[in-house]
Amino acid sequence: MKVNKAEIVISAVSPKQYPQDRLSEIALAGRSNVGKSSFINRLIHRKNLARTSSKPGKTQTLNFYRINEKFYFVDVPGYGYAKVSKKEREKWGGKMMEEYFALRDTLKLATLIIDIRHKPTDDDVMMYEFLKHYQLPVLVVATKLDKIPKNKKSAHLEQVIQTLDLDPEDTVIPFSSETGEGKEDVWHYLEQYL
């Protein structure tokens, strides 16, 4: 897909702030330092629409990015790192995300972004199960592909599939924000839901 227009529309903390234009949405979930912002920026061919931060856990809102006036990427708060109080984390990590995933009927697909170099963490597994609890189709994007030897790719992908106990209807796509490898495959997959 050629992206001609991409803009952040709102950083929302409650349903009354969500866009009301009924465009399809694709949620992006992942650990705080997994490279979600780099993934978004590479996908839409922008340097810094999605802000990358050296401080993991920076995203504490649902960030709605409108793409080509046709659909939204919704960047949800990262998990596993944020140095915020437990109460604060529960507020935006628990209730806010549950409301979004449970009630948003324009949400078509969840994308779980993980680091291909490492076995998925307990938090990754929990997030995958959380998404499946809401009966969402899930695309797993295994980032940082450029950081592993090519001959180890299959073994790393198999580890992801086994650890997440991936549902047969879900897909894993290896991806590199550095080289762009996997970008076309991701767009091809996303377009089925738009």
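User: In which sense do strand 2 and strand 5 pair, and over how many bridges?

Analyst: This is a predicted model: local features need pLDDT of at least 70, side-chain atom pairs count only at pLDDT 80 or more, and totals for chains, interfaces and linings use all residues. Residues are numbered from 1 along each chain as its sequence is written, and side-chain values use heavy atoms, without hydrogens and water. Strands (E, at least two residues) are DSSP runs numbered from the N terminus, and two of them pair if DSSP finds at least two bridges between them. Strand 2 and strand 5 pair in the parallel sense, over 6 bridges.

User: Which residue in strand 5 is the bridge partner of glutamate 25?

Analyst: Strand 2 spans 24–30 and strand 5 spans 107–115. Glutamate 25 has its bridge partner in strand 5: leucine 107.

User: What is the strand order of the open sheet?

Analyst: The sheet has 7 strands with mixed pairing. Strand 1 (6–12) and strand 7 (171–174) are its edges, each pairing on one side only. The order is 1-3-4-2-5-6-7.

User: Which helix gives the most to the largest nonpolar core?

Analyst: A nonpolar core is a set of buried Ala, Val, Leu, Ile, Met, Phe, Trp, Tyr and Cys residues joined through side-chain atoms within 4.5 Å; buried means under 20% relative accessible area (1.4 Å probe, protein chains only). The largest one has 36 residues. Helices are DSSP runs too (H or I, at least four residues). With 5 residues, the top contributor is helix 3.

Methods: Buried means under 20% relative accessible area, exposed over 50%, partly exposed in between (1.4 Å probe, protein chains only).
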